[in-house]
Amino acid sequence: MVCPNGYILAVEGLAKICIPDPNLYRREDGLYEPSWAPVFYNPRMVENRDICVAVLRVELGRGRCTAVVDPLAATGVRGIRIVLEAGLPKGATVYMGDISPDAIEIMKRNIELNGVVEGVCVRHADANELMHQLAKREGVAISYIDIDPFGSPAPFTHTALDCVKRYGVVALTATDLAVLEGRYRDKLLRRYGVVGTRVLQSRDIALRVLLSFVMRIAAVYDKYIEPLLSYAMNHYARVYVRVSRGGTRAGEVLDSCLGAVRCCSRCGYYYMHRIEDTVDRAARCPVCEGKLEPIYPVWICPTSSSEYLAELVEIAKGMHWLRESSRLLLGGIYRTSMQNALTARLTYIAKAIKTDTPPVQSIIDCLIQKGFTAARSYTYSDGVVTSAPIDDVVECVRSRALGRSMDRS
Ligand SMILES: C[S@@+](CC[C@H](N)C(=O)[O-])C[C@H]1O[C@@H](n2cnc3c(N)ncnc32)[C@H](O)[C@@H]1O
Ligand SMILES: [Zn+2]
């Protein structure tokens with residue numbers, strides 16, 4: 001038997017992986033519950049791992065990858081895929097760790113199964129301990145760290161930022177998306193040091209909260225970040241940041257990229273500003289007179305690099321084994337990365353001005369005609385991400401609704 005009792009063989013990317021038999025861990029409603037299994041494997045995270053492998057290909061293309069650390073590796077699927085699919089150069093190593101003995105056992109089995117024993121090193125250790133041991137005691141220059149925990153990445157963020165080498169990349173998954181979105185105010189403040197609440201574009205805000213947290217921790221180590229790619233999908237947020245050294249620059253990045261966002265919870269009107277800017281706290285929404293909810297401190301610079309994404313989209317085209325959904329997701333993030341904006345939710349804008357919701361494409365066309373950039377949101381089905389100010393979006397919504405009602409009459 002290829003896999004031990006209770007496990008089945010699955011194929012993901014170019015890897016064959018023994019995973020817990022999902023039939024043994026089904027909830028009453030029939031859904032597979034990965035956290036009930038002795039070792040964690042979530043098939044809903046394939047896009048997350050597809051994109052991770054593509055990012056490593058980009059990094060390798062730039063000659064920037066010698067040691068990769070996957071310290072919360074579970075079945076080892078991510079690290080194994082990196083060895084098989086990213087094309088690591090000779091001498092490069094993927095270090096994989098996990099605190100669970102069951103995970104270590106199945107990880108070793110999976111490594112043998114894929115014939116990648118040479119390229120990897122497995123350690124049974126706490127994630128923070130492993131990163132620290134490698135970087136500080138063994139002198140490993142870590143080019144890439146992938147933090148993919150249960151829930152929040154907060155307990156591992158300090159060590160990852162401290163231990164990654166200059167110009168290295170840290171990727172973080174946060175499955176506590178509801179907290180980042182502001183659904184639990186107390187937890188948002190406790191865990192991420194951010195004051196805020198849930199608003200209409202809270203998936204966009206979640207990324208800005210996470211980046212603000214990461215940036216502030218990087219600054220503690222006289223380091224600064226450059227977000228390469230950030231997105232929210234299903235139940236999680238994911239960010240990839242390049243980490244560089246320099247206290248002065250870290251101060252400059254804090255100065256220009258740490259700020260606040262004020263959002264109308266009725267129509268989604270918003271504006272972002274730097275912390276030190278004076279604002280009229282009593283001001284109401286200019287579109288609907290709604291209350292403006294402040295959320296701070298958040299990252300107010302771009303959350304992804306369109307240049308990096310363009311490269312990533314090209315690289316992914318050549319990786320035929322990636323899921324179509326991963327490619328579509330990358331395309332969506334790329335389109336919306338052109339503007340440093342939150343999503344305009346047409347349903348709510350239309351409601352605020354008491355008209356029908358127009359088709360998304362008609363508003364995109366209208367905004368482009370006006371000379372702005374505009375793209376369909378990959379997150380919200382009624383969303384447009386645009387460089388246009390709210391007045392122009394409102395005008396387009398109004399004119400398209402008028403046009404449609406005239407067509408009907
Ligand atoms: C969400 S799973 C990782 C999934 C994996 N990265 C993947 O792509 O399939 C989180 C893993 O972290 C491990 N873990 C939890 N706390 C840990 C810690 N302090 N140090 C190391 N591993 C830990 C768990 O045993 C679990 O296997
Ligand atoms: Zn409003």
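**Zinc site, ligand pocket and helix H5**

Trainee: Why is Cys-285 called buried?

Mentor: In this predicted model, its relative accessible area is 0%. Buried means under 20%, so Cys-285 qualifies.

Trainee: What about Cys-264: buried or exposed?

Mentor: Cys-264 has 0% relative accessibility and therefore counts as buried.

Trainee: How do you know which protein atoms are donors of the zinc ion (ligand 2)?

Mentor: The SG atoms of Cys-264, Cys-267, Cys-285 and Cys-288 lie 2.3 to 2.4 Å from the zinc ion. The cut-off for a donor S atom is within 2.8 Å of the metal, so these SG atoms count.

Trainee: What makes the site of the zinc ion (ligand 2) tetrahedral?

Mentor: The angles among its four donor atoms are 96 to 121°. Four donors count as tetrahedral if all angles lie between 85 and 135 degrees, so the site of the zinc ion fits that class.

Trainee: How are the donor residues of the zinc ion spaced in sequence?

Mentor: The spacing is C-x2-C-x17-C-x2-C. Cys-264 lies in strand S10 (residues 258-264), while Cys-285 sits in the loop between strand S11 (270-274) and strand S12 (292-299), so this pair ties together parts 21 residues apart in sequence.

Trainee: Turning to ligand 1, how do you know that Ala-127 makes a polar contact with it?

Mentor: A polar backbone atom of Ala-127 is 2.8 Å from a nitrogen atom of ligand 1. The limit for a pair of N or O atoms is within 3.5 Å, so this is a polar contact. Backbone atoms of Leu-72, at 3.0 Å, and Ile-99, at 3.1 Å, also pair with a nitrogen atom of the ligand. Taken alone, ligand 1 exposes 610 Å², of which the protein buries 89%.

Trainee: Why is His-132 called partly exposed?

Mentor: His-132, in helix H4 (residues 127-137), has a relative accessible area of 36%. Partly exposed is the range between the 20% bound for buried and the 50% bound for exposed, so His-132 falls in it.

Trainee: Which residues does His-132 touch, leaving out those up to four places away in sequence?

Mentor: Arg-137, Thr-159 and Cys-163. The C-alpha atoms of His-132 and Thr-159 are 6.9 Å apart, although 27 residues separate the two in sequence.

Trainee: Why is helix H5 (residues 154-163) described as largely enclosed by the rest of the structure?

Mentor: Eight of its 10 residues are buried, so that description follows. Among the buried ones are Thr-159 and Cys-163, both of which touch His-132.

Conventions: Residues numbered from 1 in each chain as written. Chains lettered and ligands numbered in written order. Predicted model: local features only at pLDDT ≥ 70, side-chain atom pairs only at ≥ 80, totals over all residues. Heavy atoms only, no water. Donors = N, O, S within 2.8 Å, 3.2 Å for Na, K, Ca; no water. Tetrahedral: all angles 85-135°; square planar, octahedral: opposite > 155°, others 65-115°. Helix = DSSP H or I, 4+ residues; strand = E, 2+ residues; numbered from the N terminus. Buried < 20%, exposed > 50% of the residue type's maximum accessible area, 1.4 Å probe, protein only. Polar contact = N/O pair within 3.5 Å; in protein donor to acceptor, adjacent residues only side chain to side chain. Areas by Shrake-Rupley, 256 points an atom, 1.4 Å probe, with all protein chains shown as cover. Contact = heavy atoms within 4.5 Å.
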